[in-house]
Each structure stands twice: as structure tokens, then as C-alpha cells.
Amino acid sequence: MIGTCTALHLQQRGYDVVLVDRREPGQETSLGNAGLIQREAVEPYPFPRQWGKLLQAALGLGVDVHYHLSALPSLVRPLWRYFVDSGPARYPRQVQAYARLIEHCLDEHRPLIEQAGAAEAVRPVGYLDVYRTGRVWEAAARDAERLALAFGLRCTVLDAAGLAQAEPALRHPLAGAVHWQDPWSVRDPAELVSAYARLFVQRGGRLVRGDATALTPHGRGWRLPLPDGAIEAPVAVVALGPWSDTLLQRLGYRLPLFVKRGYHQHYTGGGVLQRPALDAERGFVLVPMRRGLRLTTGAEFAHRDAPATPVQVRRAEAAARELMDLGRALDEPPWLGARPCTPDMLPIMGAAPRHPGLWFNFGHSHQGFTLGPVAGRLLAEMIAGEPPFVDPAPYRPERWG
Ligand SMILES: Cc1cc2nc3c(=O)[nH]c(=O)nc-3n(C[C@H](O)[C@H](O)[C@H](O)COP(=O)(O)OP(=O)(O)OC[C@H]3O[C@@H](n4cnc5c(N)ncnc54)[C@H](O)[C@@H]3O)c2cc1C
């Protein structure tokens, strides 16, 4: 999503753009997500600070968090920074910087969706945070109203009866929900990225298969050897999502990137949800999609390429079956992807500190699908030397040295 949108925005500014991907665009993290364009997500996910939550995660008891012991040594440094940046001294500043990107997500997706002829794939139905316990729901409702007021968001608080009316398929005796009305739900996230990529090609862009990690400085620009001949260009953008550091390490950058892996599984033949629903007390999402009801999981702290351990899918499925008739799982292994994360919860967007002509656009963590067109426009404006529509200072790569 991020690379394709950056390509579109550069092309719009008159650049001759080649989009290089080792697969078709939209076949990795941007395929498997929950497909939410999250206008309400003005607060990036902080590191939990409640002892109960930390203990549950440490003991491996929850649905929302899972970790591999073997990954912890390499995660200590980024997770410590993540913990510090989630604290009361710094988090409010991170929220302001994040919200300034999120607030443009609908306005930036809208024209691309129209131009790509993809309107049919997008449903402006919002989504529900569903609560099982009265006390938790009441606190969440107060918090949602605070956020809505502070950031101009639309939300409705539903009690148990209101929720039953809105989502008859939910059968558990639930406490209530918060209905965020602004977000959009995409029926097939990969298809939206493909539609954007087709628009790029229709407008004269070149889509090329190749391994971007072979990129090297060349004269005053960049060179990428490909099977059908090398590409040379004065400007290169790294938008490899969770694979970005593979290339950057070769170029001598040591950014404290890490991944939060996540899974999905589809179900069919069960109850029908009208809109996506997050089980806010268990930490998984159910989304009606083209292939069926998609269940997506929370965060797994593990090496990006470690074998899949879909513990959270099993636990989330059991919890989801308490909520509704899920039907049967489609006969396919759970999909596994990796959210590209940074310790300060902000993406890395801007000029590479030590390489003229190299630009970074990655680390959009939980909301890269939402932020694609915003990130694409901001980076293209910076490259073209136009006044940026959002102050890019908080996202600059130099913050990590
Ligand atoms: C379970 C889950 C649920 C999520 N739900 C949401 C949601 O509802 N809303 C939301 O906004 N975000 C969501 N996210 C986060 C979102 O999916 C990511 O932030 C986003 O997809 C990142 O986009 P990207 O373009 O940076 O990375 P990717 O989509 O992974 O794209 C990276 C591209 O780089 C290519 N590539 C990799 N290596 C090479 C190489 N060596 N050479 C050439 N090309 C290469 C890949 O083929 C790929 O096309 C979710 C994530 C997960 C895991």
C-alpha cells in the first residue's frame, strides 16, 4: 500500500516512476490486514502499562499478545524504547503527531478510490469496539467520547440492547459497544492495492518484478540490477514494509525496527455481521469480507521470518465462537504477516540521513493500510520540494541517528 501510493503521488508530480516489487503489489502485509481505513485511530497503540495486562502477556495467557522467547533478546532495546515513549511524559506528543496523519486518511483515499474505480469495494459503515463487561464498557465509552470531542470523530455508544439491534448475529450477553462511524471497511484489501497499482500503470507507470535489496548507490543516483537490465535513477524510495531493514542494514543503517506479527483466518456459513467488530477485551477483530468472515489477531512478538505459531488464532476463534456462530474455517492455513513497527509508534518518512537521493517510507505499524495515500503524498511532496501538507518533522529518519 505504501509503495504503490508513493509511486502514484510521484507520478502525479511528473516523475517517471518504476515500481519494483518481488511480487504483485498488495500481496504481503497489505493483503492480510483487517481492511479498515481507520479514521478513528488517532492514538497509536501504546505499550501496555497496566500490571495485570503485562503479567497476562508475560505468562502467555491472553489472546491479544503472544511472543517467542527466542526473539526477546533482540527485542529488549526497541521494546524498552517503546515502553518509554508510551509513558505519560512522551505519549501525548506521539498522539498529536500520529493524529495529524490519520486525520487525512479518508480525504486522501477518496480520490484514489474514485480514480481507480474501486468504490464498490469500500463500505463506509464504521466499526464496533465490543465489550463484554459493564465496568470496562463504561470506561471505554467515556474515553471514546473524550477522543471524539478532542479529534472531531463521530462515535455512538451502544448499550446491550442497542448492540443486539445493530448486530443481531452477536449472541453473547454483551455489555455494549462503541460504534466508530467514520472508518471505512474494505472487502478485499489486496484488491484495493491492485486497483491503485492498475491506476499507476494506466497512467504510464512501469511495474517491474525484482529484488529491491540489490539497490546500490551509483554515480549521483541509484542502480538496481534486474533480470531484464538494470534501472538507474536519481531518486529511490524504500517502501518495503517489514522488509525495509534488510536493505537498510546493507546500506549501513541500524534503525530500531521490529515487527508485530498477526494472523488471519476466514470463516463461512455462520452468522452475518453488518460491520467489523473488535472484541476489545480479548483483542481480535471480525470483519465481513469477500472471502468470508475474516478473523484477525493481535500482536505476536517474534522474528519476522520465524515459523508460524498460530496460537492466537486458536484462542481468538474460541473467544469468537462465544460471540457468534462463526461457521467453519476455510480449509487453508492461517495467513501470517508482520506489522512494520517503530519504538516511538511513528512511521519513518523522509530523506535518508547519509545517502543523497534515497528516501524512506515505512514503519506504519498498525495503520499502514489506512495511511498509504497520506504517506505517499507527504513523501512525494518532500521529494518534489513542495510545501508538505503535514509537518514532516516528527517522522524524519534522523531521529534514530
Ligand atoms: C493482522 C493485521 C491486521 C491489520 N489491520 C489493519 C487495518 O485494519 N488497517 C490498517 O490501516 N492497517 C492494518 N494493519 C497494518 C497494515 O497491514 C500494514 O501497516 C501495511 O500493510 C504496511 O504496508 P506496507 O506497504 O508498508 O508493507 P507491505 O504491504 O508488506 O508491502 C511491502 C512490499 O514490499 C515488497 N518486498 C519485500 N521485500 C522485497 C524485495 N526484497 N524486493 C522487492 N520487493 C520486496 C513486498 O512484496 C510487498 O509488496 C494490519 C496488519 C496485520 C498484520
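**The ligand shell and the second largest pocket**

In this predicted model, the shell around the ligand comprises 10 nonpolar, 15 polar and 5 charged residues.

Me: What makes a residue part of the group that surrounds the ligand, and which are the closest?
Reply: A residue counts as near if one of its heavy atoms lies within 4 Å of the molecule. The ligand is surrounded by 30 residues, and Asp21, Thr29, Ser30, Ser365 and Thr370 are the closest.

Me: Why is the approach of alanine 212 to the ligand called a polar contact?
Reply: A backbone N or O atom of alanine 212 is 2.8 Å from a nitrogen atom of the ligand. The cut-off for a pair of N or O atoms is 3.5 Å, so this pair qualifies as a polar contact.

Me: What makes serine 365 and threonine 370 partners of the ligand as well?
Reply: A polar backbone atom of serine 365 lies 2.7 Å from an oxygen atom of the ligand. For threonine 370, a polar backbone atom is likewise 2.7 Å from a ligand oxygen atom. Both values are within 3.5 Å, and therefore both pairs are polar contacts.

Me: How do you know how much of the ligand the protein buries?
Reply: Taken alone, the ligand exposes 1000 Å², and the protein buries 97% of that area.

Me: Which element gives the largest share of the shell around the ligand?
Reply: That element is α12, with 3 residues.

Me: What lines the second largest pocket?
Reply: Its lining has 23 residues, with Asp245, Gln249, Leu257, Phe258 and Val259 nearest the centre. The element α4 gives the most, 4 residues. By class, the lining has 13 nonpolar, 6 polar and 4 charged residues.

Key. Residues are numbered from 1 along each chain as its sequence is written. This is a predicted model: local features need pLDDT of at least 70, side-chain atom pairs count only at pLDDT 80 or more; totals for chains, interfaces and linings use all residues. Side-chain values use heavy atoms; hydrogens and water are left out. A polar contact is a pair of N or O atoms within 3.5 Å; within protein, one must be able to donate a hydrogen and the other to accept it, and residues adjacent in sequence count only if both atoms are side-chain atoms. Accessible areas come from the Shrake-Rupley method with a 1.4 Å probe; for residues, only the protein chains shown count as cover. Helices (H or I, at least four residues) and strands (E, at least two) are DSSP runs, numbered from the N terminus. Ala, Val, Leu, Ile, Met, Phe, Trp, Tyr, Cys and Pro count as nonpolar, Asp, Glu, Lys and Arg as charged, and the others, Gly among them, as polar. On a 1 Å grid over the protein atoms alone, a cavity is a set of points where a 1.4 Å probe fits but cannot get out, and a pocket is an open set with protein on both sides within 12 Å along at least five of seven lines; lining residues have an atom within 4 Å of a point.
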